[in-house]
Amino acid sequence: EIRETVDVSEMQKAKAVFVDQVVGSERLNITSSIGEAFPLHCAANGKAMLSTLSEADFNKRMGRKPLDKYTANTITNVDNLAAELEAAAKSNIAFDREEHMDGVSAVGTSLQEPSGKLYAISIPVPAVRFKQKEKHLIEALLKCRARILKEIGP
């Protein structure tokens with residue numbers, strides 16, 4: 001439907017670990033290896049999962065020290081990150097705007113299994129295409145999230 005790569009990751013300690021992926025049909029696409037781990041604070045999948053945590057769980061995983069900087073856009077201040085996560089919690093959508101890797105933007109949403117395990121679905125896109133597709137990607141991702149939540153139940 002969106003022709004972009006779609007990733008599924010799970011939260012493992014302070015990382016988002018990729019557990020599945022469907023590679024998009026666009027000629028230029030973004031892929032990560034299954035098992036690869038990304039930092040939570042600067043990737044859409046990680047931010048989506050962080051946005052669901054209580055303040056105590058967030059502080060336990062992230063601490064209060066400055067966060068590692070990956071690009072000029074990386075949020076390194078924990079309070080600034082927390083403010084962004086509040087918006088993500090309300091919309092069920094988190095963003096990576098070239099924060100983890102230059103040239104790559106992404107949108108993500110989180111899902112929690114009935115057992116409590118946290119997952120995220122994210123769509124990484126070359127930054128040159130992201131702005132024009134952003135609204136469509138968000139709509140498709142939220143529809144997908146709703147379908148999955150309906151399937152797994154309360």
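Trainee: How many bridges join strand 5 to strand 6, and in which sense do the two strands run?

Mentor: In general, two strands pair if DSSP finds at least two bridges between them, and strands here are DSSP runs (E, at least two residues), just as helices are DSSP runs (H or I, at least four residues), both numbered from the N terminus. In this structure nine bridges join strand 5 to strand 6 (residues 118–126), and the two run antiparallel. One of the pairs is easy to find, since Leu 111 has Tyr 119 in strand 6 as its bridge partner. The hairpin of these strands has five residues between them, and Gly 116 takes a positive phi near 105° there.

Trainee: What should I know about the model before I read further?

Mentor: This is a predicted model, in which local features need pLDDT of at least 70 and side-chain atom pairs count only at pLDDT 80 or more, while totals for chains, interfaces and linings use all residues. Residues are numbered from 1 along each chain as its sequence is written, and side-chain values use heavy atoms, with hydrogens and water left out.

Trainee: In what order do the strands of the sheet lie, and which are the edge strands?

Mentor: The sheet is open and has six strands in the order 3-2-1-6-5-4, with antiparallel pairing. Its edge strands, each pairing on one side only, are strand 3 (37–39) and strand 4 (94–97). From one strand to the next the twist averages 30°, where axes are lines fitted to C-alpha atoms, for helices over the stretch in contact, and angles run from 0 to 180 degrees between N-to-C directions. At one edge, strand 3 is joined by three bridges to strand 2 (residues 15–22), and these run antiparallel; Phe 38 in strand 3 is the bridge partner of Ala 16. At the other edge, strand 4 pairs with strand 5 in the antiparallel sense over four bridges, and Asp 96 stands opposite Ala 106 in strand 5. Strand 4 and strand 5 form a hairpin with six residues between them, where Glu 98 in the turn has a positive phi of about 55°.

Trainee: Is strand 5 largely enclosed or open, and why?

Mentor: A residue is called buried under 20% relative accessible area, exposed over 50%, and partly exposed in between (1.4 Å probe, protein chains only). Eight of the nine residues of strand 5 (residues 104–112) are buried, so strand 5 is largely enclosed by the rest of the structure.

Trainee: How many salt bridges are there, and where do I look for them?

Mentor: Side chains of opposite charge can pair when their charged atoms come close. The rule used here asks for a side-chain nitrogen of Lys or Arg within 4 Å of a carboxyl oxygen of Asp or Glu, and by this rule the count comes to nine. Among them is the salt bridge between the side chains of Lys 117 and Glu 10 (3.1 Å, N to O). This pair links distant parts of the chain, 107 residues apart, with Lys 117 in the loop between strand 5 and strand 6 and Glu 10 in strand 1 (residues 6–12). Lys 117 counts as partly exposed at 37% relative accessibility, whereas Glu 10 counts as buried at 11%.

Trainee: Which parts does the salt bridge of Lys 133 and Glu 26 tie together?

Mentor: The side chains of these two residues meet at 3.6 Å, N to O. Lys 133 lies in helix 4 (residues 127–152) and Glu 26 in the loop between strand 2 and strand 3, so the pair ties together parts that are 107 residues apart in sequence.

Trainee: What does helix 4 look like around Lys 133?

Mentor: The bend at a residue is the angle between axes fitted to the seven residues ending there and the seven starting there, and helix 4 has a kink of about 70° centred on Lys 133. The expected span of a helix is 1.5 Å times one less than its number of residues; a straight helix of 26 residues would span 38 Å, but helix 4 spans only 33 Å between its end C-alpha atoms. Its buried residues include Phe 130, Leu 137 and Leu 141, and the buried residues of helix 4 pack against strand 4, strand 5 and strand 6, contact meaning heavy atoms within 4.5 Å.
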